[in-house]
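Here is a quick tour of how two chains meet, written for someone who would rather look at the model than at a spreadsheet. Have the structure open as you read.

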Amino acid sequence: MYKENTVEDLMRSGHFACPGCGVAIAMRLVLRALGRKTIAVIIPSCASIIAATHPHSALEIPAFHGTFETAAPTAAGISYALKIRGKSDITVVAIAGDGGTFDIGLQSLSGTADRNEHYIYVCLDNEAYMNTGIQASSATPRRAWTITTPAGRSARKKNIMEIMAAHRIPYAATASIGYPQDLMDKVQKAKGIEGTKFLHILTPCATGWRMAENLTVNAAILSVETRIFPLYEVFDGKKYGITYEPQGLPVEEYLKIQGRYRHLDAGQIERMQTETDEEWESLYRHVTDCQRKGAL
Amino acid sequence: MRDLLSGNYAIAEAVRMAKAQLIPAYPITPQTPIYERLSEMESQGTLPGVMVRVESEHSAMAMCIAASLAGVRVFTATSSQGLALMHEMLHFASGNRVPVVMGCVNRVLAVPWSFGSDQTDTLSQRDTGWMQFYCEDNQEAFDTVIQAYRISEATMLPSMVIIDAFFNSHFIEPMDVPDQRLIDLFLPQATLPERFDLNDPAFISNVVTSGAQFLPFRERAFTDMEKAKEIIREVDIEYRAQFGRGYGMVETVQTKDAQLVLVTSGSMTSTARMAIEALRDKGLKVGLLKIKAFRPFPSREVEDALQNIPKVAVIDRNISIGKEGIFCQELKSALYNSTARPRIYGYIAGLDGLDVSPEIIENICLEVLGKEMPDNLPIWVKGN
């Protein structure tokens with residue numbers, strides 16, 4: 001479903017990402033899908049460093065390095081200004097990490113979603129504060145090792161998609177660097193919708209997940225195929241649709257390639273499987289409800 | 001046109017006439033009537049700009065910065081806790097060189113919780129790189145908002161236009177509201193630089209990687225804040241020529257032959273004017289120095305005003321715990337390398353809106369006139 005040219009790269013080589021970085025792949029795909037008429041707000045996160053340091057830029061679009069907790073209102077502010085100045089053909093995208101979205105920026109993100117301000121919010125989720133060196137966020141999964149959760153995090157991963165869906169924004173979707181076409185399709189879908197759009201992209205982090213650099217995309221694919229990170233979209237907070245039917249591989253396939261889960265015993269892996277199955281069933285109920293009501 | 005307006009409404013009226021294009025706002029006492037009045041104008045179709053009812057002051061400033069970078073004239077207003085919450089974004093605004101104009105209504109910071117006037121909220125934002133203008137009355141607040149846009153857009157530094165809680169914000173005074181046509185001539189539509197250029201893309205407010213890269217940014221801002229003094233003077237002169245009112249960075253009243261000069265800021269200045277008159281009637285040579293611009297600090301004007309003055313009494317409606325009143329400190333530091341070396345007596349009065357009556361001010365003057373040396377610590381004035 002190529003709606004526009006999605007071949008032109010707007011991210012140059014020579015950026016500052018670690019080898020095997022999932023965030024860099026996601027940024028490249030998002031910008032490809034958005035095209036040149038885009039202004040990006042990038043808050044402190046891996047993405048802001050990947051975009052290179054003063055006076056350089058790895059991006060071929062104008063970007064602004066905002067403050068940690070203000071990706072959303074900063075993007076909305078630019079969007080208002082563009083509208084006031086009659087520049088309606090420019091897309092504004094906010095790019096934030098999981099810490100900047102799930103934690104410190106949640107209040108302001110909720111504010112813009114409530115007001116349904118016109119921009120795309122992209123959360124590049126690598127499941128911890130990776131830019132500051134692997135500290136747990138509320139996007140870190142239960143039992144995952146980080147430097148601040150040496151025995152594994154005890155709380156479950158916050159369900160940011162349900163939070164955003166509860167705001168009844170016109171469009172929210174998950175996407176994965178393992179499924180680039182699905183990701184770019186969703187970005188372009190978001191671009192064509194008026195109001196606040198939210199994209200939750202899982203971006204495996206070889207450094208922080210304690211795995212080999214060549215496993216980033218494998219990890220992304222396995223997160224989807226094990227139903228740990230299903231690919232779906234939600235319209236108006238109510239109409240759910242799965243965009244890729246996962247195989248339902250055992251979660252162990254995903255866990256075993258990552259050093260951050262190395263400490264799990266068989267019982268813990270079994271509980272991870274149960275929790276994943278429950279989450280999937282809950283999501284699937286939303287989808288079948290929608291199908292039953294003929295919403296999609 | 002003559003009108004009766006509170007300080008808050010005067011600011012709202014000036015923002016409307018300045019044609020601010022985007023106004024992200026959040027309620028906090030005693031600033032709220034600015035937000036409410038602007039909302040009322042918007043609903044009546046008389047506000048040229050767009051209002052956004054944001055979820056915090058922090059986001060209000062984030063949105064102001066973003067929209068200003070994207071080329072539109074912006075405004076917001078706040079007080080006290082709201083200003084403190086904005087603190088991070090205040091540095092971010094000046095660092096990004098955006099000409100944001102903000103109305104600030106001085107209110108005490110908790111704890112204890114209260115609502116009365118106290119300048120410590122804005123004064124503790126001293127080092128954020130914002131210009132600060134303390135207004136005496138509602139007319140001055142209106143005029144200063146109009147001037148502040150000219151000054152900020154010429155210097156690319158943000159401005160706070162500051163009034164006292166209740167004494168200004170809620171008291172209604174007769175004032176002159178100029179014709180829109182004249183305001184438009186004085187303050188044309190904003191022509192801000194294009195920071196987001198699709199044809200020449202850059203990563204704005206990017207990370208610098210060494211102190212050698214960092215320093216020129218601060219040095220440039222410092223130099224431009226120094227240059228702002230001249231721009232403030234010029235804009236004020238032009239405003240006076242156009243509208244018949246000007247204020248200067250400071251104002252002096254009967255300081256030429258004074259044995260004692262009172263230093264005040266904000267609404268207290270009006271009371272001090274009466275006290276000075278009463279003391280002059282009693283044959284006492286007392287003058288007044290009103291400080292309007294706090295950042296940039298008008299060191300030259302202060303030095304000139306206090307040459308050959310033996311004594312100065314500073315009345316601060318604010319306190320820096322661990323030192324003294326903040327205007328008092330600033331005055332001392334401005335004069336240290338100067339030939340003007342009066343003895344400086346510091347008083348703390350009017351915190352939380354405690355009344356500072358003409359009698360209180362007269363008594364302060366009498367006490368200072370009869371006192372050989374200043375105390376090391378400020379004197380706390382507890383009211384009548």
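Strand S2 of chain A (residues 63-65) pairs with S9(B) in the parallel sense, over two bridges. If you want a spot to zoom in on, A:Phe64 stands opposite B:Ile204 in S9(B). Keep in mind that this is a predicted model.

That pairing is part of something wider. Nine strands form an open sheet with mixed pairing, running S8(A)-S7(A)-S5(A)-S6(A)-S4(A)-S3(A)-S1(A)-S2(A)-S9(B). Its edge strands are S8 of chain A (239-242) and S9 of chain B, each of which pairs on one side only. Strands of a sheet are held to each other by backbone hydrogen bonds, in either a parallel or an antiparallel sense.

Here are two of the pairings side by side:

| Strand pair | Sense | Bridges | Facing residues |
|---|---|---|---|
| S2(A) (63-65) and S9(B) | parallel | two bridges | A:Phe64 and B:Ile204 |
| S1(A) (38-42) and S3(A) (91-97) | parallel | five bridges | A:Val41 and A:Ala94 |

Now for the interface as a whole. How many residues does the contact take from each chain? Chain B gives 38 residues and chain A gives 40 residues. The area buried between the two chains is about 3000 Å², and carbon and sulfur atoms give 69% of that. On the chain B side, B:Phe196, B:Leu198 and B:Phe203 lose the most area to chain A, together 23% of what that side buries.

There is polar chemistry here too. Between chain B and chain A, 13 residue pairs are in polar contact, counting pairs with both residues at pLDDT 80 or more. Which parts of chain B supply at least two residues each to the side that touches chain A? They are strand S3 (50-53), helix H3 (57-69), helix H4 (80-95), strand S9 (203-204) and helix H8 (211-243). H3(B) brings the largest share of that side, with eight residues. By type, the residues of chain B's touching side divide into 23 nonpolar, ten polar and five charged.

The count of salt bridges between the chains is three. One of them joins B:Glu55 to A:Arg115, with the closest N and O atoms 3.0 Å apart.

Stepping back to chain B itself, it has twelve helices and 16 strands. Its C-alpha atoms fill a box of roughly 70 × 50 × 45 Å along the principal axes. A compact globule of 384 residues would have a radius of gyration near 21 Å, and chain B agrees with that, at 21 Å.

Terms used
Residues numbered from 1 in each chain as written. Chains lettered and ligands numbered in written order. Predicted model: local features only at pLDDT ≥ 70, side-chain atom pairs only at ≥ 80, totals over all residues. Heavy atoms only, no water. Contact = heavy atoms within 4.5 Å. Buried area = accessible area lost by both parts, 1.4 Å probe. Salt bridge = Lys/Arg side-chain N within 4 Å of Asp/Glu carboxyl O. Polar contact = N/O pair within 3.5 Å; in protein donor to acceptor, adjacent residues only side chain to side chain. Helix = DSSP H or I, 4+ residues; strand = E, 2+ residues; numbered from the N terminus. Nonpolar A, V, L, I, M, F, W, Y, C, P; charged D, E, K, R; others polar. Pairing = 2+ DSSP bridges. Rg over C-alpha atoms; globule rule 2.2 N^0.38 Å.
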